[in-house]
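Biologist: Got a minute to go through this model with me? I'd like to start with the aromatics and then wander a bit.

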Amino acid sequence: MFRGMDPTAEVNLWLDKIQKMNRILASFEGEIQENKTCLCGCFPNYYNRLKLGKFVSKRIQEVDTLLEQSQFPGISLVNMLSEKGKTLPTTTLVGETAKIVLHRTWDYLMEINSEIIAIYGMGGVGKTSIIKEINNKLLAENTHFDHVIWVTASKDSNTEKLQKDIAKEIGLCFDDEDGETRRARKLFEALWRRRKFLLIIDDLWEAISLEEIGVPIRAGKLLISTRLLRVCRRMEAEREIEVDVLSPQEAWDLFKQKVGERVISSPRINDLAKKVAKECGGLPLALITVGRALRNENKIKYWQTALSELRNSTTSIEGMTNHVFARLRFSYDRLKDDVTRSCFLYCALYPEDHLIETEELINYWVWGGLFGKSGSLVDKMKMGEMVLNELTSTCMLEREGTTDYKYVKMHDLVRDMVIALTRENSTFMVKSGHGLRVPPMENDWPTDLERVSLMRNDLSSLCCEPNCPKLCTLLLQYNSFDKGILPSFFRHMPNLEVLDLSFTGIDHLPESVSHLESLHVLLLRSCWNLLCVPTLAKLKKLRVLDLTYTPIEQTPEGMDMLENLRHLGLSYTRVSSMSGSTFPLENYKFIESLSLIGLQLESSGGESSSLVDVLASCNTLVELELSFVCMRDFDRYITSGHWSLLENFKFLIGDPTSSVDTGKNSISFFGVDIYDTLGAVWLADKVNELAIRACPSITHLPAFITSSKLQHCRIQHCEQMEFVINVAEWSAFPELEWLEIDGLSKLSGFCNGIVRGGTLAGLEVLHIRACNSLTTLLPLELVKNLKNVVEIKIENCEKIEQVIEATEIIDVDIVLPALKILKLSCLPALKQISGGRMICDSLSSVEVYRCPGLTTLPFLVEITDEMINSLKEIRGGKRWWKAISRNHENATNRLHAVFEEVADDSFVGEDSEDDRSVCSDGSGSFPLSPR
């Protein structure tokens with residue numbers, strides 16, 4: 001009868017008096033027992049009885065009064081809540097990014113099955129502004145929420161505080177003696193009476209138990225905002241929505257608004273202002289703070305100073321430290337432990353806006369000893385992956401990449417915060433990517449330096465002798481150093497542990513390197529002029545030596561003394577022989593990782609099989625990269641069974657014409673007969689990546705060299721291959737994510753029959769190129785499985801007429817819910833993508849080049865609002881777009897803003913020299929992305 005109703009203020013006052021009377025009477029009972037007798041219990045205490053009698057008489061009168069007051073009129077006993085919620089002050093949302101998040105959140109709130117919705121993103125990105133808009137919109141509109149309750153989870157929030165904050169918002173009072181369970185029960189009952197409520201918790205830092213708080217989630221919904229993806233997961237949110245930074249144009253619009261149009265109108269300031277806005281990295285909080293600090297400022301020197309400070313991470317701009325850096329610093333402080341914080345600080349050694357390769361970063365952490373000196377390589381790599389997930393889930397690092405996320409990036413202002421943090425104790429010197437041509441002098445190297453990064457500059461020499469006794473990490477990669485390094489440069493670095501000189505033009509190392517007895521890691525990868533490495537005999541602590549892609553012809557002197565060596569990289573060097581003295585593998589008792597691709601190895605005795613024997617006896621190896629001249633050598637190694645000990649491997653069989661970029665647990669065949677001598681013992685179940693190039697004997701992808709764990713597959717220039725899938729032997733390949741097909745001149749179809757259900761269900765990327773016998777790519781039955789495909793690229797296929805097989809059934813919708821990127825290039829015979837309507841609500845990029853017969857797009861037949869919001873670019877020729885507009889007038893009118901014209905004269909048949917080069921069977925302007 002009284003659901004959704006609460007006592008009036010009058011009733012609440014009466015209830016408070018009753019509770020107070022109960023407490024008085026409870027204490028009175030104890031007093032009677034204590035003062036019942038006097039004189040050691042020999043006589044009754046008549047005086048106290050008289051006193052208590054008067055007390056009882058008075059209390060009886062008060063109870064009678066309370067009973068008389070309990071006769072409330074029925075209409076005033078309970079009242080509906082006077083307000084639905086509280087309207088909050090807001091700022092105008094800027095840009096499509098925030099509006100899309102708002103619309104998605106609103107839609108999820110209206111869904112019946114979404115009870116917990118979570119919005120996450122880095123600090124200052126605008127999460128609170130978005131949910132304030134939602135709060136106010138819900139109060140203004142007649143939606144199915146009767147009550148909207150807003151609370152902010154403070155930095156030191158806990159169960160008790162959240163309970164009291166929620167209770168305060170709904171007018172519920174707790175007694176002082178109420179414990180957590182009693183508070184939860186009262187809160188549960190109060191919220192249950194209201195039903196149809198939305199509880200909004202802003203800035204949540206730790207997952208909470210709704211049961212312990214007392215939130216009956218089935219009676220309402222929960223909307224949270226947080227910086228941490230892991231909070232979303234631990235709260236079991238049905239919907240997770242990331243709030244990204246603003247696009248460059250959105251950021252510029254916001255910055256102009258805060259600075260003032262009058263100032264921006266000056267051409268000299270306009271250019272500087274754009275550069276200042278760019279340094280804010282699309283972060284709304286920073287754009288607003290910097291914009292307000294420079295509002296109506298028309299003196300160029302102040303703009304120049306602001307730009308210089310932002311670029312050098314030394315900003316004194318008003319509000320940046322207290323408002324922007326303070327928020328970002330709190331995220332850093334809340335990282336779970338010192339190891340995670342140390343790993344995070346390491347990322348600041350990279351240049352601004354640099355895409356950091358995840359594998360390289362984790363290697364630095366491992367090799368730099370951030371996970372301790374002991375333990376196996378495999379365990380440490382797993383720890384690195386866990387730390388990386390922690391940093392990305394807290395939005396301290398941003399993942400980059402369409403599907404495989406091979407890179408991470410640190411936001412500019414997060415990096416500025418970190419560098420400012422390291423300056424507090426002067427242990428870091430970061431001048432990476434500054435374009436330096438003059439190296440730091442001796443007085444620029446403080447004695448307490450621990451980590452220094454000069455990577456990616458234009459340094460031609462290092463000509464000083466720094467005194468840095470505490471220095472442990474020195475990153476010098478991507479400099480020319482064509483004038484060399486002073487021989488004594490490393491003399492006063494006794495504790496140096498990590499030295500990276502990769503991708504430099506040095507032709508020899510200075511002699512002082514030979515005396516770095518604490519050195520653990522020496523990285524010389526791709527030093528294109530390096531011919532000589534001094535003796536390594538004293539470097540007995542050396543664990544990692546990488547000489548990959550260097551022209552050295554002999555291994556360095558003293559290799560036999562490296563008793564602690566864990567990783568050795570010699571792939572693609574000119575080392576031609578391995579004797580016991582130059583390559584004493586049996587001496588490396590702790591060797592875990594070995595890279596020898598591209599080496600034609602022989603033993604001192606001249607037997608080509610001896611290396612296989614040596615490897616087979618090395619039980620400590622967990623990573624191995626190795627090439628084999630022929631199938632027989634590879635079969636010999638496989639038969640040894642040594643591969644079963646490996647966690648990661650990369651094997652190349654045959655003679656590749658150039659270096660090969662494949663991932664972990666990969667096998668590549670080049671110009672060999674795959675069926676030749678391959679034994680029954682085979683490591684297919686461990687293969688994640690498979691590459692087949694110019695192998696003459698195969699007509700389809702052989703099932704016996706594939707596995708259910710295969711994730712990436714690349715097939716190139718196999719002239720006899722007629723189809724990819726043989727339905728008689730093909731497995732479903734549920735984990736295959738990436739498939740590239742290139743230069744299969746006889747390929748006539750994707751499969752030779754009807755595929756089984758679930759085939760390629762996990763496929764995310766499909767690239768097809770230069771298959772000139774192909775007329776139809778995908779059968780309809782296969783397309784039905786492609787629910788996870790994100791990217792489709794088809795290029796340089798002369799005869800292809802349709803991408804998806806036409807069907808006689810009318811009104812068949814083709815749904816590709818995850819598709820984001822569609823690129824069609826140089827397909828002169830293409831007439832249609834599919835015969836039916838396509839629904840691609842996640843599509844963000846469409847590119848069509850030199851496809852003169854394609855005048856309709858099936859996903860524009862009935863365009864949805866979801867697709868309008870997701871589509872960011874359509875690129876194609878002007879005449880092609882006009883042809884599309886004639887057939888899809890309504891859709892093209894709505895999408896005109898995202899169309900970008902590219903040169904394309906295929907509609908008039910005039911092939912320029914550039915166009916012909918693009919559409920050749922060789923290298924074009926749209927090469928398949930390498931792994």
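Modeller: We'll take ring pairs, then a helix, odd backbone angles and a charged patch. Keep in mind that this is a predicted model.

Biologist: How many aromatic pairs are there?

Modeller: The count is 19. Take Phe628 and Phe651: they are edge-to-face, 5.9 Å centre to centre, with 75° between the planes.

Biologist: Where do those two sit in the chain?

Modeller: Phe628 is in strand β21 (residues 623-628) and Phe651 is in strand β22 (residues 648-654). They are 23 residues apart, so this pair links distant parts of the chain.

Biologist: Buried or exposed, Phe628 and Phe651?

Modeller: Both Phe628 and Phe651 are buried.

Biologist: What about Trp880 and Trp881?

Modeller: That pair is tilted, at 6.0 Å centre to centre and 45° between the planes. Trp880 is buried at 1% relative accessible area. Trp881 is buried too, at 6%.

Biologist: Back to the phenylalanines. Which residues does the ring cluster link?

Modeller: Ring pairs join Phe628, Phe634, Tyr637, Phe649, Phe651 and Phe669 into a cluster.

Biologist: New topic. Why call helix α17 largely enclosed?

Modeller: Helix α17 covers residues 358-367, and 8 of its 10 residues are buried, so the rest of the structure largely encloses it. Among the buried ones are Tyr364, Trp365 and Trp367.

Biologist: What comes just after α17?

Modeller: Gly369, with a positive phi of about 75°.

Biologist: Which residue has a positive phi although it is not a glycine?

Modeller: Leu760 is one of them, at about 60°. Most residues other than glycine have a negative phi. Leu760 lies in the loop between β28 (749-751) and β29 (765-769). At 1% relative accessibility, Leu760 is buried.

Biologist: And Ala770, what is its phi?

Modeller: Positive again, about 55° for Ala770. Ala770 is in the loop between β29 and β30 (776-778). Its relative accessible area is 6%, so Ala770 counts as buried.

Biologist: Last one, charges. Which residues form the positive surface patch?

Modeller: Lys878, Arg879, Lys882 and Arg886 form it.

Biologist: Where is Lys878, then?

Modeller: Lys878 is in helix α24, residues 878-887.

Biologist: How exposed is Lys878?

Modeller: Partly exposed, because its relative accessible area is 45% and the exposed class needs over 50%.

Methods: Residues numbered from 1 in each chain as written. Predicted model: local features only at pLDDT ≥ 70, side-chain atom pairs only at ≥ 80, totals over all residues. Heavy atoms only, no water. Patch = residues over 30% accessible without salt bridge, like charges linked within 9 Å, V, L, I, M, F, W, Y side chains within 5 Å. Areas by Shrake-Rupley, 256 points an atom, 1.4 Å probe, with all protein chains shown as cover. Salt bridge = Lys/Arg side-chain N within 4 Å of Asp/Glu carboxyl O. Lys, Arg positive; Asp, Glu negative; His and termini not counted. Charge placed at Lys NZ, Arg CZ, Asp CG, Glu CD. Helix = DSSP H or I, 4+ residues; strand = E, 2+ residues; numbered from the N terminus. Buried < 20%, exposed > 50% of the residue type's maximum accessible area, 1.4 Å probe, protein only. Phe/Tyr/Trp six-rings, centres within 6.5 Å; stacked < 30°, edge-to-face > 60°.
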